[in-house]
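Colleague: I should like to go through this model and hear the reasoning behind its description. May I put some questions to you?

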Amino acid sequence: MDTLERFAEAKLAALSEQQLRRTLHETAPCGPVRVKRNGRPLISFCSNDYLNLSQHPAVKRAAVEATERWGAGAGSSRLVTGNHPLFAELERRLARLKGTDDACVFGSGYLANLGIVPTLVGAGDLIVADELSHACLRAGAALSRSHVEIFRHNDLDHVEDLLATHRASHERALLLTDGVFSMDGDLAPVAALAEIAAAHDTWLMTDDAHGSACGGAKTEVPLQMGTLSKAVGSYGGYLCASQAVIDLIRTRARPFIYSTGLPPGVVAAGIAALDLIANDPGLVAAPLRKAAFFCARLNLPAPESCIVPILLGEPERALAASRLLEDEGFLVTAIRPPTVPEGTARLRLTFSAGHDDADIEWLADIVRERILDHDER
Ligand SMILES: *Cc1c(COP(=O)(O)O)cnc(C)c1O
């Protein structure tokens with residue numbers, strides 16, 4: 001066996017041993033919240049398509065019509081092939097939603113963060129980031145070669161301390177946080193972070209991938225990043241910011257320059273979804289109501305977002321709970337390290353507008369009686 005095969009197999013064996021190997025399972029979507037796996041229908045509580053817009057007839061029609069009219073792919077980078085007219089429309093709407101001068105759309109949220117962070121800071125600069133920030137914010141920080149300091153989750157005193165200690169010895173500084181934390185569902189104290197950042201001449205950037213459908217200009221946040229891949233039901237990432245910042249991103253962010261533009265159908269789907277969101281304020285509120293209904297039934301604290309974690313500790317326990325729920329007809333994926341810290345493997349439930357209350361009750365009862373109570377005995 002050559003060294004490459006040996007390396008890969010040894011690495012996989014070690015991961016399997018720790019219950020940390022990941023594998024793909026063929027799962028076909030069937031409508032807003034249902035999927036089919038191994039020939040069995042399941043109700044999914046693990047999609048980030050919170051408003052079920054990926055399945056909305058108007059969104060699908062927009063994708064099909066744009067594909068018929070303009071083709072399946074974009075051909076090249078937007079700077080090379082020319083900017084498709086759909087992008088101007090999408091970026092205008094995003095800027096309006098977030099109350100900024102302009103917006104720049106990237107291939108995905110992950111690519112957006114890899115592009116934005118190194119465009120704004122580099123060697124000799126400082127990044128201060130929440131310990132639970134998304135993997136792609138951390139990857140963007142590493143790529144920038146800035147000095148990185150990590151603060152305890154949502155700990156404002158720690159942010160203040162780190163900036164007081166390190167800010168003066170660096171030229172520029174960026175403060176990074178998720179808006180809604182993707183694995184815990186709690187919110188960052190954005191207004192307070194903005195105040196601390198301003199006091200230390202530090203630029204605040206929020207990754208609001210899980211809050212992207214929510215409008216409401218956060219004027220105190222100069223760098224509002226998000227994704228079209230979750231509540232918006234399509235695909236792509238974006239930054240909303242001032243004109244000068246967006247112009248700089250378009251000329252310097254490498255994943256924008258050196259990667260192909262999104263396909264027309266994907267952009268058109270994003271525009272159609274943003275239209276639906278703008279015209280139906282009640283829709284955006286629905287997922288949190290569903291999550292609150294679930295938490296009330298389990299006597300859990302009221303959720304801050306439609307993401308509800310159930311911490312179980314070791315990976316095996318989370319995997320067993322996920323298998324049990326699958327046997328009962330629910331798809332709820334186990335989340336394990338390194339996605340979450342050691343000892344905090346969990347079920348991560350996401351609630352969407354399309355979930356039936358009866359299904360939520362049934363799920364809550366199984367979680368209470370067969371996953372939580374079971375372990376306390
Ligand atoms: C999902 C997610 C991303 C990545 O967005 P994609 O468009 O899926 O690449 C970035 N940040 C956070 C917080 C996320 O949850």
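Colleague: What makes the approach of His210 to the ligand a polar contact?

Modeller: In this predicted model, a polar side-chain atom of His210 lies 2.6 Å from an oxygen atom of the ligand. The cut-off for a pair of N or O atoms is 3.5 Å, so the pair qualifies as a polar contact.

Colleague: Which distances place Thr227 and Ser229 in polar contact with the ligand?

Modeller: An N or O atom in the side chain of Thr227 is 2.6 Å from a ligand oxygen atom. For Ser229, a polar side-chain atom lies 2.8 Å from an oxygen atom of the ligand. Both pairs are within 3.5 Å and therefore count as polar contacts. The ligand taken alone exposes 380 Å², of which the protein buries 88%.

Colleague: How many residues surround the ligand, and which are the closest?

Modeller: The ligand is surrounded by 13 residues, the closest being Asp207, His210, Thr227, Ser229 and Lys230.

Colleague: Why are E13 and E14 called paired strands?

Modeller: Pairing requires at least two bridges; E13 and E14 (residues 345-350) have 2 bridges in the antiparallel sense, so they pair. Ala334 stands opposite Leu347 in E14.

Colleague: What makes E11 and E13 edge strands?

Modeller: The open sheet has 3 strands in the order E11-E14-E13, with antiparallel pairing. Strand E11 (307-313) and strand E13 (334-335) each pair on one side only.

Colleague: Which helix lies across these strands, and at what angle to E14 does it run?

Modeller: Helix H13 (residues 315-327) lies across E11, E13 and E14, and runs at about 40° to E14.

Key
Residues are numbered from 1 along each chain as its sequence is written. This is a predicted model: local features need pLDDT of at least 70, side-chain atom pairs count only at pLDDT 80 or more; totals for chains, interfaces and linings use all residues. Side-chain values use heavy atoms; hydrogens and water are left out. Helices (H or I, at least four residues) and strands (E, at least two) are DSSP runs, numbered from the N terminus. Contact means heavy atoms within 4.5 Å. Axes are lines fitted to C-alpha atoms, for helices over the stretch in contact, and angles run from 0 to 180 degrees between N-to-C directions. A residue is near a molecule or strand if one of its heavy atoms lies within 4 Å of it. A polar contact is a pair of N or O atoms within 3.5 Å; within protein, one must be able to donate a hydrogen and the other to accept it, and residues adjacent in sequence count only if both atoms are side-chain atoms. Accessible areas come from the Shrake-Rupley method with a 1.4 Å probe; for residues, only the protein chains shown count as cover.
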